[in-house]
Amino acid sequence: MEEKNRVSVLISGRNYLLSTDEGEELVLEAASRVDASMNSLLSGVHKKTPAQSAILVALSLALDLIKAEKTELDRNEKVQEILSLVGE
């Protein structure tokens with residue numbers, strides 16, 4: 001069994017030590033995006049609590065993921081359609 005990577009990240013002024021299978025660079029990039037989104041929500045005109053901000057950030061990231069998955073699925077379908085036309 002491989003040992004997990006331990007990565008320290010800073011989000012909204014708090015340090016979190018994570019144990020992950022992912023590489024440090026990827027985890028730091030993800031944490032940076034979450035931190036930027038959290039800080040934006042916490043300092044905006046309509047300030048949110050940390051819990052509200054976390055939920056809104058999670059929802060935003062989930063929406064981005066769903067859109068990316070649908071885009072990939074559409075591209076794969078187009079590739080299959082083109083390949084079937086080429087095979088005719």
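Strands, labelled E, are DSSP runs of at least two residues, and they are numbered from the N terminus. Helices, labelled H here, are DSSP runs of at least four residues. The legends below use these labels for a predicted model.

**View 1. The whole chain holds 2 helices and 2 strands.**
Read along the sequence, the order is β-β-α-α. The chain is more spread out than a compact globule, because its radius of gyration is 19 Å, well over the 12 Å that the globule rule gives for 88 residues. The C-alpha trace spans about 60 × 45 × 15 Å along its principal axes. How much of the chain counts as buried? The share is 11% of the 88 residues. Take the contacts between residues at least 6 apart in sequence: 12% of them join residues at least 24 apart.

**View 2. The surface of the chain comes to about 7,400 Å² of accessible area.**
Carbon and sulfur atoms account for 56% of this accessible surface. Charged side chains are present too: 10 are positive and 15 are negative. The centres of the two sets lie 12 Å apart.

**View 3. Ser-12 sits in the loop between strands E1 and E2.**
Strand E1 covers residues 5–11, and strand E2 covers residues 14–20. Ser-12 is not a glycine, yet it has a positive phi of about 50°. Is Ser-12 buried, partly exposed or exposed? Ser-12 counts as partly exposed, because its relative accessibility is 26% and the partly exposed class runs between the 20% and 50% cut-offs.

**View 4. Thr-20 is a buried residue in strand E2.**
The relative accessibility of Thr-20 is 15%. That value makes Thr-20 buried, because buried means under 20%. Which residues does Thr-20 touch, leaving aside those up to four places away in sequence? They are Lys-4, Asn-5, Val-7 and Val-27. Look also at the side chain of Thr-20: one of its polar atoms lies 3.0 Å from the backbone nitrogen of Glu-22.

**View 5. Lys-4 lies in the segment before E1.**
Lys-4 is partly exposed, with a relative accessible area of 40%. Setting aside residues up to four places away in sequence, Lys-4 touches Ser-19, Thr-20 and Asp-21. With which side chain does the side chain of Lys-4 make a polar contact? The partner is Asp-21, at 3.1 Å. Now compare a distant position, Glu-77, which is 73 residues from Lys-4 along the chain. The C-alpha atoms of Lys-4 and Glu-77 are separated by 36 Å.

**View 6. Ser-53 is buried within helix H2.**
Helix H2 runs over residues 50–86. Ser-53 has 0% relative accessibility, so it counts as buried. What does Ser-53 touch, not counting residues up to four places away in sequence? The contacts are Met-38, Leu-41, Leu-42 and Lys-48.

**View 7. Ile-55 is an exposed residue of helix H2.**
The relative accessible area of Ile-55 is 59%. Ile-55 counts as exposed because the cut-off for that class is over 50%. Met-38 appears again here: Ile-55 and Met-38 are 17 residues apart in sequence. Their C-alpha atoms are 9.7 Å apart in space. Helix H2 therefore holds both a buried residue, Ser-53, and an exposed one, Ile-55.

Notes:
Residues are numbered from 1 along each chain as its sequence is written. This is a predicted model: local features need pLDDT of at least 70, side-chain atom pairs count only at pLDDT 80 or more; totals for chains, interfaces and linings use all residues. Side-chain values use heavy atoms; hydrogens and water are left out. The radius of gyration is taken over C-alpha atoms; the globule rule is 2.2 Å times the number of residues to the power 0.38. Buried means under 20% relative accessible area, exposed over 50%, partly exposed in between (1.4 Å probe, protein chains only). Contact means heavy atoms within 4.5 Å. Accessible areas come from the Shrake-Rupley method with a 1.4 Å probe; for residues, only the protein chains shown count as cover. Lys and Arg count as positive and Asp and Glu as negative; His and the chain ends are not counted. The place of a charge is taken as NZ of Lys, CZ of Arg, CG of Asp or CD of Glu. A polar contact is a pair of N or O atoms within 3.5 Å; within protein, one must be able to donate a hydrogen and the other to accept it, and residues adjacent in sequence count only if both atoms are side-chain atoms.
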